[in-house]
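Visitor: Please take one place in this model and look at it closely, then let the account widen from there to the parts of the fold that deserve the same care. I would like the reasoning spelled out wherever there is some to give.

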Amino acid sequence: MTSAVIADAIVNLCGAIGLAVAMFALYRRDARSPLTRRLLVALGIVALLFLVRATAWLTQNAVLDDLSDIPAAAIPFGALIVTEGLLRRHAPRVLKLAAVGGAIVLGLGGTLGLGHFDTPYAVALALFQLGGFIACAWLLASRDRHALMASENRSIDRMIVGAVIVLPFIVTDYQALMPDLPVRLGALGALLVVTAVLIAGSSSEARWHGVLLTVLRLASSALLGLAAAFVAPDANAAQIARFCVIAVSGVLTIGLMTDTLRAYLESRAPGVLSSLAISPAATRDQLIAELVRHPLFESARRYREADLADYDPAVLRNRLATHRVLRRSDAPWGHPPTDPAIERLVSLMTANSATHVVVLSDDPIDLLVLAVPVISADPATETAIALVQRILIMTDGVGVDPLWRG
């Protein structure tokens with residue numbers, strides 16, 4: 001077994017794992033959507049292709065290698081059903097017949113041994129796949145934009161760009177056409193596309209963060225592969241390319257796995273806002289009692305005016321009226337450090353080893369004093385604390401406003 005075959009197998013195995021993780025992520029997002037089901041079928045076909053190929057090459061099993069032609073020939077069919085789902089209408093009948101007929105003829109033909117006629121069969125299968133992608137791209141590009149929502153048009157535009165990007169990667173999978181290529185890149189192209197699809201499904205801010213993380217992963221993994229190649233003896237250009245492609249494919253797959261697992265674990269452990277949303281609490285006191293069960297607020301201590309006699313509530317009131325959440329790191333909060341109220345607030349936070357004071361009311365004074373661990377101090381936590389403060393001040397002592405009860 002040559003290093004080229006091993007590299008091809010590893011990259012395809014990474015592609016199969018990455019697509020399987022992407023399928024799980026898409027299923028979790030919207031399992032009942034017809035478009036999601038179509039995407040799962042299409043991704044499943046491609047993942048099966050990569051898995052069968054990798055297994056065949058690692059085991060040197062010629063039968064499995066022939067069987068891999070079945071999912072390879074079915075890829076245009078998968079692309080067509082996704083196109084129909086995006087457009088919310090049927091594709092022309094002739095394209096459907098061509099996709100199904102080509103999949104049967106080329107898939108069964110490859111299984112029966114036509115794949116051994118390397119160049120003619122590779123040309124036929126490559127042209128069939130490329131023709132399928134081009135036909136789908138044409139259907140998407142020539143759509144009636146006014147018949148779809150703006151969000152659907154944006155998604156379709158991204159899919160067109162993804163189809164154009166993935167075409168050169170697909171061609172490299174046919175070594176009969178490109179025998180001097182050091183490694184096949186089809187699986188890497190698929191990983192890039194599914195990563196982009198998952199990023200595109202996020203909010204604008206999360207999408208930008210996802211793009212930055214992906215660029216960082218690509219650059220760092222390519223450098224890692226380059227460094228690993230120089231460790232190997234007698235590394236040539238082909239070996240360097242294989243090391244880099246393996247590293248990039250592996251890092252993209254690991255990134256998909258960690259991102260999906262993180263999202264799954266976070267959904268299993270509701271955040272502080274989710275806990276409030278599902279809480280049966282009906283008063284402010286009950287909401288606060290619910291809050292202190294959450295790790296973020298477990299250190300919280302409530303101070304009412306009577307509890308602050310040593311801190312001179314009348315002096316504190318003027319400063320608390322202009323602030324809602326006070327962070328210890330922002331002291332003195334735009335006032336002179338020698339201001340009596342500021343000195344008392346800093347003393348209160350120091351006595352409780354607190355990082356935040358949440359102002360529920362300034363007349364009469366009602367405060368939550370809490371310590372947020374350093375590892376939890378991030379913009380999302382600050383936003384959650386600010387939103388909790390708003391929820392609590394809109395909750396009177398009798399019950400919760402129906403707007404907040406949902």
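**From one threonine outward**

Guide: Thr214 sits in helix H9, which covers residues 204–231. Before going further, please keep in mind that this is a predicted model. Thr214 has a relative accessible area of 12%, and since this is under the 20% limit it counts as buried. Once its neighbours within four places in sequence are set aside, Thr214 is in contact with Thr195 and Ile199.

From there we can turn to helix H4, residues 69–87, where length and path can be examined separately. With 19 residues at 1.5 Å a residue, H4 should span 27 Å, and its end C-alpha atoms lie 29 Å apart, which agrees. H4 nevertheless bends by about 35 degrees at Ile75, with a proline, Pro76, following within four residues. The helix is mostly covered, 17 of its 19 residues being buried, and after it comes Arg88, whose phi is positive, near 60 degrees.

H4 also takes part in a charged pair. The model holds 17 salt bridges, one of which joins Lys96 to Glu84, their closest N and O atoms being 3.2 Å apart. Because Lys96 belongs to helix H5 (residues 93–111) and Glu84 to H4, the pair ties together parts that are 12 residues apart in sequence. The two partners are covered to unlike degrees: Lys96 is partly exposed at 28% relative accessible area, whereas Glu84, at 9%, counts as buried.

A second pair follows a similar pattern, for Asp157 and Arg143 meet through their side chains in a salt bridge of 2.9 Å, N to O. This pair links distant parts of the chain, Asp157 being in helix H7 (residues 150–171) and Arg143 in the loop between helix H6 (118–141) and H7, 14 residues apart. Asp157 is partly exposed at 30% relative accessibility, while Arg143 is buried at 7%.

The salt bridge between Asp259 and Arg262, at 3.2 Å from N to O, is a local one. Both residues belong to helix H10 (residues 237–268), and because they are 3 residues apart they are separated by about one helical turn. Asp259 is partly exposed at 29%, and Arg262 is partly exposed as well, with a relative accessible area of 45%. Elsewhere, salt bridges that share partners join Asp285, Arg302, Arg304 and Asp366 into one network.

Next comes helix H13, residues 313–320, in which Pro313, Leu316, Arg317 and Leu320 are buried. These four cover an arc of only 110 degrees around the axis, so they lie on the same side of H13. Among the elements that cover them are strand S2 (325–327), helix H14 (340–351), strand S3 (356–362) and strand S4 (365–370).

The strands in that list can be followed through a shared residue. S2 and S3 pair in the antiparallel sense over 3 bridges, and in this pairing Val325 stands opposite Val358 of S3. S3 is also joined to S4 by 6 bridges, again with antiparallel strands, and here Val358 stands opposite Leu368 of S4. S3 and S4 form a hairpin with 2 residues between them. As 7 of the 7 residues of S3 are buried, this strand is largely enclosed by the rest of the structure.

The loops around these strands hold some backbone geometry that merits inspection. Most residues other than glycine have a negative phi, and most peptide bonds are trans. Against that background, the peptide bond from Asp363 to Pro364 is cis, with omega near -5 degrees, and Pro364 is placed in the loop between S3 and S4. The bond from Ala331 to Pro332 is likewise cis, with omega near 15 degrees, and Pro332 is in the loop between S2 and H14. That loop also contains Trp333, which has a positive phi of about 60 degrees although it is not a glycine; at 11% relative accessibility, Trp333 counts as buried.

Gln60 offers a useful counterpart, being a non-glycine residue with a positive phi of about 55 degrees. Gln60 is found in the loop between helix H2 (34–59) and helix H3 (62–67), and its relative accessible area of 58% makes it exposed.

Conventions
Residues are numbered from 1 along each chain as its sequence is written. This is a predicted model: local features need pLDDT of at least 70, side-chain atom pairs count only at pLDDT 80 or more; totals for chains, interfaces and linings use all residues. Side-chain values use heavy atoms; hydrogens and water are left out. The expected span of a helix is 1.5 Å times one less than its number of residues. The bend at a residue is the angle between axes fitted to the seven residues ending there and the seven starting there. Buried means under 20% relative accessible area, exposed over 50%, partly exposed in between (1.4 Å probe, protein chains only). Contact means heavy atoms within 4.5 Å. The arc is that of the directions from the helix axis to the C-beta atoms. Two strands pair if DSSP finds at least two bridges between them. A salt bridge is a side-chain nitrogen of Lys or Arg within 4 Å of a carboxyl oxygen of Asp or Glu.
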